[in-house]
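Let's take a friendly walk through a model and see how its parts meet. Keep the 3D view open as you read, and look up each residue as it is named.

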Amino acid sequence: MKPKVAFFDFTSCEGCQLEVLNFEQEVLQLLNLLEIVNFRELMTERSDDYDIAIIDGAISTDADVARIKEIRERASILITIGACSSLGGVNCLKNAYPMEEVLSVVYGDAAGYYNTIPARPVSAVVPVDYALPQCPVNKAEFLEVVKALLLGKKPEIPNYPVCAECKMAENACVFDLGRTCLGPVTRAGCNALCVTWGRHCWGCRGLVDDPNVDAATDVLKEHGLTAEDIVNKFRIYTAWTGGSE
Amino acid sequence: MEDKVISKADFSSMVDRLIQEGEYDSIEGVKTKDGKYFFGSLTNSGELCLDYDVTLLPPKKYFLPQRETVITFRQGERPAPEPVAEASSVVLIGVHPYDLKAMELCEAVYSAPPADPNLMIRKSKTVVIGVDCLNPNPQSFSASMGFATTESGYDLMLTDIGDSYVVSVGTDRGADLLARYGRAADATATNLARRDEVREMSLGRYEKSLSMPADEIPAILNETWDSRVFAEKSEVCLSCGSCVMVCPTCVCFDVEDTVALSLDSGERYRKWDSCMLTDFAKVATGENFREDRESRFRHRMHRKGKYLLERYDKPGCVGCGRCGLACLVDIALPADTYNLLKEAS
Ligand code: SF4
Ligand code: SF4
Ligand code: SF4
Ligand code: SF4
Ligand code: SF4
């Protein structure tokens, strides 16, 4: 029996679902191994019978909280894909403001019809089996995790900083080029994608388990950032500090 | 062996001929990007920089690639694992003496039983043309390690004496390559005197040095296990592993399996690992033998200054300075720590 897989989206740009739909080469092979029973971007039929739930998007309304709890109860394995569902991601930027203000900025006069709560990762509401951060989700990593689960192996998600991969890619360090970078505290697994392509790391894979944030902050200061710049830099993807279930 | 001399123009022609004739699968040399240097494939001699200070990664990557498949297998009752050891023929141009010494260490490590064929096969198919380092980078202390120059580890060794290179011939293979591709003459006494002079001058350009003879390092490490130096320096360590990833003498790798999406075949590969990463010494039960930054930092200093030397009779650090250049918090250079330990002991 092929495992039944359902995709669900919460507060997100849907970039992660589109990224999964981009698996042109792999999609047919994947369908040999899995049965997809729910994927809003791909199909209209729905089913509530599934083994693996794959979630993108952050939790940001009371209805989201109820819905994710229901999904967790039905799924034996729950995987979050992308920065939004795994870390809270850019959605958490709003948490710095009162929720009423956020509602009125977004919905104006109609604000009264909507509900919102501080945005949070899925793991802040229900236990998550595997979190695959990155904005958007890393296709290669997603496929490795799917294969590992099918083989009954424990998927490996790196727990070391992007710098290690950046060095292996033989990039010049952007600090040496007069710019700044969150690579020293950000979880690797992307092969230092952004540095390799000429930019710097924004931290979209979240922090490693034991980041030396104080030392990284000093490095950023030495390279000309103010305390405020640094807070803003860290906030883009890792504003959620409320912990997890 | 003998010493030759070749004009710079003739050396460039030699490189171009090597590229054009295609006898070797690739001609690799030092190139530049973002104001830094790296070893890469040459398409013409104009790309080659021989007056560089240091490359981002050492040429070790040609012998121990960042990621390499070591076994392929099929799933099922007969998994049929096949070892993979492939190598193409390469001429590698512009390796500095410290990197040659580092490769000798890697070879000693990988040829010790159980010998690892992959590195040795690649080594045997690579002709190495070294070049003396006359402009050391600001973190280099390779002169203190005795590796400003080397008498071994190369097929040919160049020294820039102005308009031409003195070419020290290290092996028959080197002599043969030079005879077939280069227009070299016998070096004169004046050429050799000039070579000794430029080498001597380069020694004055090292900004970092050991405050003790290199052979005292193991004894100093033996006496200072509990020194506060380790705790103080490592407090700001980012556990980023950069110091290890750029090191020419680091030899550790991790092994992983991956399967195709069909789930019926796969490969086992190895990739560089680093003892400065938090989970390096974590084992299956979840126990981590070097859980804190201090113990990882101390381990690396002992590994570079003592463990490898005791086991293989070759220094575990050649003083290239790459770790010092890569470390954002400026704690990684072994010479700095050894000097502090010496002061404290
Ligand atoms: S992680 Fe990025 S790509 Fe994915 S849904 Fe969120 S914002 Fe979009
Ligand atoms: S560019 Fe960024 S990720 Fe790369 S080594 Fe430098 S700090 Fe680390
Ligand atoms: S380099 Fe940084 S920002 Fe870019 S993909 Fe990797 S973790 Fe995300
Ligand atoms: S420890 Fe540092 S200085 Fe020594 S060989 Fe490695 S990178 Fe070079
Ligand atoms: S010593 Fe420096 S380069 Fe090495 S892991 Fe620590 S912070 Fe990174």
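## The surroundings of ligand 1

Around ligand 1 you will find A:Ser12, A:Cys13, A:Gly15, A:Cys16, A:Gly82, A:Ala83, A:Cys84, A:Gln134, A:Cys135 and A:Pro136. Keep in mind that this is a predicted model.

Two helices of chain A, α1 (15–21) and α4 (82–87), each give at least two residues to this shell. The largest share, three residues, comes from α4(A). Sorted by class, the shell around ligand 1 holds six nonpolar and four polar residues, with no charged ones.

## The surroundings of ligand 4

Now move over to ligand 4. Its neighbours are residues of chain B, including B:Phe141, B:Arg300, B:Lys304 and B:Pro334. Several cysteines are also there, among them B:Cys247, B:Cys317, B:Cys320 and B:Cys323. This shell divides into eight nonpolar, two polar and two charged residues.

## Two domains in chain A

How is chain A divided? The domain assignment gives domain 1 (4–150) and domain 2 (162–238). Eleven residues from domain 1 of chain A and nine residues from domain 2 of chain A take part in the contact. The C-alpha centres of these two domains are 26 Å apart.

Together, domain 1 and domain 2 of chain A bury about 900 Å², with 55% of it on carbon and sulfur atoms. On the side of domain 1, A:Leu87, A:Leu93 and A:Gln134 lose the most area to domain 2, together 45% of what that side buries. You have already met A:Gln134, as one of the residues around ligand 1.

Which kinds of polar link join the domains? There is one salt bridge between them, and five residue pairs are in polar contact across the interface. On the side of domain 1 that touches domain 2, seven residues are nonpolar, three polar and one charged.

## Where chain A meets chain B

Finally, look at the two chains together: 31 residues of chain A are in contact with 35 residues of chain B. The area buried between them is about 2,900 Å², and carbon and sulfur atoms give 63% of it. A:Lys167, A:Met168 and A:Glu170 supply 25% of the area that chain A buries here, more than any other three residues.

How many salt bridges are counted between chain A and chain B? The count is two. A:Glu170 forms a salt bridge with B:Lys61, with the closest N and O atoms 2.7 Å apart. Eleven residue pairs are in polar contact across this interface. Among the elements of chain A, α6(A) gives the most to the side touching chain B, with five residues.

Terms used
Residues are numbered from 1 along each chain as its sequence is written. Chains are lettered from A and ligands numbered from 1 in the order in which they are written. This is a predicted model: local features need pLDDT of at least 70, side-chain atom pairs count only at pLDDT 80 or more; totals for chains, interfaces and linings use all residues. Side-chain values use heavy atoms; hydrogens and water are left out. Domain bounds come from an automatic or database domain assignment. Contact means heavy atoms within 4.5 Å. Buried area is the accessible area (1.4 Å probe) that two parts lose on being put together, summed over both. A salt bridge is a side-chain nitrogen of Lys or Arg within 4 Å of a carboxyl oxygen of Asp or Glu. A polar contact is a pair of N or O atoms within 3.5 Å; within protein, one must be able to donate a hydrogen and the other to accept it, and residues adjacent in sequence count only if both atoms are side-chain atoms. Ala, Val, Leu, Ile, Met, Phe, Trp, Tyr, Cys and Pro count as nonpolar, Asp, Glu, Lys and Arg as charged, and the others, Gly among them, as polar. A residue is near a molecule or strand if one of its heavy atoms lies within 4 Å of it. Helices (H or I, at least four residues) and strands (E, at least two) are DSSP runs, numbered from the N terminus.
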